[in-house]
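Biologist: Thanks for sitting down with me over this one. Could you walk me through the model?

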Amino acid sequence: MATKNTPKRIYKDIDMSFKPNVLTKDIGKKFDVNAVKQSLKNVLLTQKGEKPFNPNYGSGIYDLLFEPMDYLVSSVMQKEIETTIENYEPRVELIDVECEPNFDLEQYEIRIEFYVIGVKEPQVYTNVLQRLR
């Protein structure tokens, strides 16, 4: 039962690192904004066709990493990120998506600014995408 001083949890998910809780020895949990950020990471890094029985789930950004780096690919990747989030993450209201190519390091730096439904403050998720050799 929640008291006045206990924060109300909106979203809860298991921690994908699968590190056990020190006290309970159970799998760790992520709450609220951290659960949504973990979900964003999972949906963006899942390739289409990778999830059984749901071949359209995921994004196509992995395939774009192997295209020649330029600003056109960056804009296509940005649109792919926006579409993927709108389709598969209903807890997020997008504000802005930036995808900047770093030609020297051969990677894309993504920055997603969004609201989590039920949380007043805007949130930011950043990640660096690069192809593995």
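Biologist: Which elements do the buried residues of α3 pack against?

Modeller: A word on the ground rules: this is a predicted model, in which local features need pLDDT of at least 70, side-chain atom pairs count only at pLDDT 80 or more, and totals for chains, interfaces and linings use all residues. Residues are numbered from 1 along each chain as its sequence is written, and side-chain values use heavy atoms, with hydrogens and water left out. Helices (H or I, at least four residues) and strands (E, at least two) are DSSP runs, numbered from the N terminus. The buried residues of α3 (buried means under 20% relative accessible area, exposed over 50%, partly exposed in between, with a 1.4 Å probe and protein chains only) pack against α1 (32–45), α2 (61–64), β3 (92–102), β4 (107–116) and β5 (122–129).

Biologist: Which residues of α3 are buried, and what arc do they cover around the axis?

Modeller: The buried set is Val73, Ser74, Met77, Ile81, Thr84 and Ile85. Taking directions from the helix axis to the C-beta atoms, they lie on the same side of α3, because their arc is only 105 degrees.

Biologist: And which residues are exposed on the other side of α3?

Modeller: Exposure there is found at both Tyr71 and Glu86. The full set on that other side is Tyr71, Leu72, Glu86 and Asn87.

Biologist: Which residue caps the N-terminal end of α3?

Modeller: Look for a side-chain oxygen 3.3 Å from the backbone nitrogen of Leu72. The residue that supplies this oxygen is Asp70.

Biologist: Which residues touch the most other members of the largest nonpolar core?

Modeller: Such a core is a set of buried Ala, Val, Leu, Ile, Met, Phe, Trp, Tyr and Cys residues joined through side-chain atoms within 4.5 Å. In soluble globular proteins, nonpolar side chains tend to be buried together. Of the 25 residues here, the ones touching the most other members are Leu44, Met77, Ile81, Ile110, Ile112 and Phe114.

Biologist: Which residue meets Glu80 in a salt bridge?

Modeller: A salt bridge is a side-chain nitrogen of Lys or Arg within 4 Å of a carboxyl oxygen of Asp or Glu. Here the N to O distance is 3.9 Å, and the partner of Glu80 is Lys48. The pair ties together parts 32 residues apart in sequence, since Glu80 is in helix α3 and the loop between α1 and α2 holds Lys48.

Biologist: Are Glu89 and Arg91 buried or exposed?

Modeller: These two form a salt bridge, with their closest N and O atoms 2.8 Å apart. Glu89 and Arg91 are both buried.

Note on methods
Contact means heavy atoms within 4.5 Å. A polar contact is a pair of N or O atoms within 3.5 Å; within protein, one must be able to donate a hydrogen and the other to accept it, and residues adjacent in sequence count only if both atoms are side-chain atoms.
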